[in-house]
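Here is a short tour of a protein chain for someone meeting it for the first time. Have a look at the sequence and the model, then read on.

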Amino acid sequence: MFKIEQLLLNNQVMFLPGAATVEQLLQPLRENKAVILAIKEDIKQAVLVIPEDLALLESGLLNKHASVQELLGENPWFRSSLCEVLNDSFHPVPFATNRPVLLRETSGTILGYISLSDLVRHLHSEQQRWSAYFKTLSETVTEAVTVVDRSGEVICWNPVAEEIYNLPKSDILGRRIGEHFETETLMVLKILDEGRLIRNTYHRPREDTHVLINAAPIRDAQGVIIGGIAAEQDITQLVRLNEQLSSAHTFSHLQKSADKELFSLMKGKGPAIGKVMQWAKKVAATDTPVLLIGEGGVGKEQLAQIIHNSGPRADHAFLSVNCGIVPMGLLETELFGFQGGAFTGAESGEAGKLEQAKDGTLFINEIDRLSLELQAKLYHYISRQTITRTGGSKPIALRTRIIAASTTDLAAKVAEQQFRSDLYYALNVVSLSIPPLRERPEDIPAMLQMYLKQFSLHYQKPLPALSPEVMLAFANYDWPGNILELRNVIERCIILSDEDTLTLEHLPAALQAKQPSLALTRKDADASTSDGEKRLKASSNNEEEQLLIHDALAKTAGNKSAAAKLLGVSRGTLYNKMKEFGLE
């Protein structure tokens with residue numbers, strides 16, 4: 001935004017009436033003040049005399065007793081352009097002279113004047129500053145950014161665009177974008193012609209590229225379109241996964257293989273989860289305690305199971321206890337058991353989870369919910385490898401491995417004296433922080449495929465396809481419940497769906513609310529069918545028909561059933577047309 005205070009304004013300005021004499025004019029000039037004699041609103045000019053004019057006025061060529069209006073009022077030499085300033089917006093009028101520019105607010109308050117050379121230097125500096133801002137912004141965002149001028153010439157092509165389209169900046173900047181793409185497929189050119197805003201719209205700029213596009217026309221101060229900007233999110237992998245899922249109809253596999261697939265999915269593709277799994281593999285071969293930190297639903301228990309199954313304890317028990325679920329009064333017996341007579345008078349008593357998982361692994365979730373007394377008892381076990389049942393006195397030697405988990409920062413709780421430091425350091429030999437699902441969206445497609453297969457098998461239903469809009473919904477959602485929420489949403493979809501394709505209506509309201517819809521409402525579909533049928537059948541030549549079919553397929557991510565509905569013809573008619581034109 002333009003800031004007036006950044007201008008080198010001379011604000012020592014005063015008014016003199018036209019009847020004032022030249023001598024009266026000279027006095028403020030000698031005090032380094034400028035003088036305004038008149039303002040001509042019709043031509044947006046002012047009669048402005050500045051201190052630099054003093055030498056000329058004192059040269060003796062002027063009658064010092066004459067009025068300034070008589071001598072200077074109509075003299076073009078002293079006329080300066082008058083510019084209005086509104087809300088920090090600077091609207092210069094065409095400069096009629098080389099004199100300084102006078103600035104005033106719309107209320108009539110004079111702000112000051114500035115020489116043309118200072119104004120040009122400032123505007124050049126502003127242009128460089130805004131160019132730096134825009135360059136940094138375009139190179140920071142994760143979308144492909146394209147900016148074209150009114151003629152379609154590319155003036156911005158960021159690194160993400162280079163990567164998506166495998167097109168170096170040097171090959172496209174300064175050239176018309178239509179030289180590298182089919183003109184009819186370019187959204188950024190359409191907005192130049194139509195002047196409309198495009199939000200979260202599926203687009204296929206190339207045969208092998210699918211994107212979700214946001215685009216808008218760029219307008220000047222008068223509202224005239226001077227260019228267009230587009231930001232594109234690459235969803236090619238999502239669409240390809242959709243096609244893979246659509247082509248699969250049945251499957252069968254053992255639950256054990258499903259479990260192995262589940263473990264492999266924890267590895268993910270991102271560097272954060274990759275590092276977690278790398279460390280988990282190393283720690284699995286040891287007996288040391290492990291501390292898992294992460295939001296609810298990120299898969300802490302799943303990772304604990306992976307560590308157990310990947311280590312030498314895999315043939316022994318893996319048990320878990322959630323300190324947030326078990327009542328505080330029962331947690332001690334849940335963990336350490338009780339000796340006969342402590343509660344019921346029975347002689348044998350009962351083993352706790354630590355004892356039941358002997359030589360195996362005990363996963364303690366929400367360990368921060370343990371009381372300080374139980375924390376001390378757990379630390380005693382870790383350091384001595386022995387426990388004593390509640391109500392008993394005999395030490396019992398154990399080699400149960402402890403994997404603990406928490407959703408909170410235990411170091412902060414230690415600092416606040418809400419968690420014992422000795423237990424924290426005993427558990428924190430190796431600490432693994434599991435990133436939330438929103439920070440690793442690249443893992444969502446594989447998880448979708450796995451859970452679709454798992455629940456289709458469980459509920460004895462055919463494996464459904466996913467509409468492009470559903471794929472986009474999963475990709476754009478923040479997943480506050482992480483993997484657990486994703487799993488539950490897929491299970492819901494499988495239960496509710498009786499069709500071959502999952503659509504937005506099968507998703508919970510939270511996922512539907514802010515997602516772009518590629519589907520038509522029933523009313524719009526009927527209208528589109530009627531109009532589309534007329535358009536396709538009324539096409540005057542084969543070239544127009546091919547263009548309509550190609551556009552419909554692009555809009556529906558290659559889904560032929562959806563394309564047929566969009567065109568208002570049957571699927572069989574569309575197949576015949578595609579075969580006729582060699583579009584298969």
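## The chain as a whole

Of the contacts in the chain with a separation of 6 or more, 61% are between residues 24 or more positions apart; a contact here means heavy atoms within 4.5 Å. What you see is a predicted model, in which local features need pLDDT of at least 70 and side-chain atom pairs count only at pLDDT 80 or more, while totals for chains, interfaces and linings use all residues. Residues are numbered from 1 along each chain as its sequence is written, and side-chain values use heavy atoms, with hydrogens and water left out.

The chain holds 24 helices and 21 strands. These are DSSP runs numbered from the N terminus, with helices being H or I runs of at least four residues and strands being E runs of at least two. Out of 584 residues, 43% are buried. Buried means under 20% relative accessible area, exposed means over 50%, and partly exposed is in between, using a 1.4 Å probe and protein chains only.

## An antiparallel sheet

Let's start with the sheets. One open sheet has 5 strands in the order S9-S8-S12-S11-S10, with antiparallel pairing; two strands count as paired if DSSP finds at least two bridges between them. Strand S9 (154-157) and strand S10 (198-206) are at the edges with a single partner strand each, so one side of each has no neighbour in the sheet. From one strand to the next, the twist averages 25°. (For angles, axes are lines fitted to C-alpha atoms, for helices over the stretch in contact, and values run from 0 to 180 degrees between N-to-C directions.)

Strand S8 (residues 144-149) is joined to S9 by 3 bridges, and Thr-146 has Trp-157 in S9 as its bridge partner. Over at the S10 end, S10 and S11 pair over 5 bridges in the antiparallel sense. They make a hairpin with 2 residues between them, and Arg-206 stands opposite Thr-209 in S11. Helix H7 (residues 187-194) lies across S8, S10, strand S11 (209-219) and strand S12 (225-234), running at about 145° to S12.

## A parallel sheet

Another open sheet, also of 5 strands, goes in the order S14-S15-S18-S13-S19, and here the pairing is parallel. S14 and strand S19 (430-433) stand at its edges, each with a single partner strand, so one side of each is left without a neighbour in the sheet. The twist averages 20° from one strand to the next. Inside the sheet, 4 bridges join S13 to S18, and one pairing to look for is Leu-291 with Ala-404 in S18.

## The nonpolar cores

Which residues touch the most other members of the largest nonpolar core? They are Leu-354, Ile-364, Ile-367, Leu-378 and Ile-402, in a core of 29 residues. Strand S13 (290-293), H12, S15, H14, strand S18 (401-406), helix H15 (410-415) and helix H16 (421-427) each give two or more residues to this core. A nonpolar core is a set of buried Ala, Val, Leu, Ile, Met, Phe, Trp, Tyr and Cys residues joined through side-chain atoms within 4.5 Å.

Try clicking on Ile-402: leaving aside residues up to four places away in sequence, its contacts include Pro-289, Val-290, Leu-354, Tyr-381 and Leu-427. A second, separate core has 26 residues, among them Ile-444, Phe-455, Leu-466 and Ile-483.

## Three helices

Helix H12 (residues 328-336) has Leu-331, Thr-333, Leu-335 and Phe-336 buried. The buried residues of H12 pack against strand S14 (318-322), helix H13 (353-356), strand S15 (361-365), helix H14 (372-384) and strand S16 (386-387). Just after H12 comes Gly-337, with a positive phi of about 75°.

In helix H10 (residues 271-284), the buried residues are Ile-273, Val-276, Met-277, Ala-280, Val-283 and Ala-284. Looking down the axis of H10, these fall within an arc of 125° (taken from the directions from the helix axis to the C-beta atoms), so they line one face of the helix. The face of H10 turned away from that buried side carries Pro-271, Lys-281 and Lys-282, which are exposed. As for helix H19 (residues 482-496), its buried residues include Ile-483, Leu-486, Val-489, Ile-490 and Cys-493.

Terms used. The expected span of a helix is 1.5 Å times one less than its number of residues.
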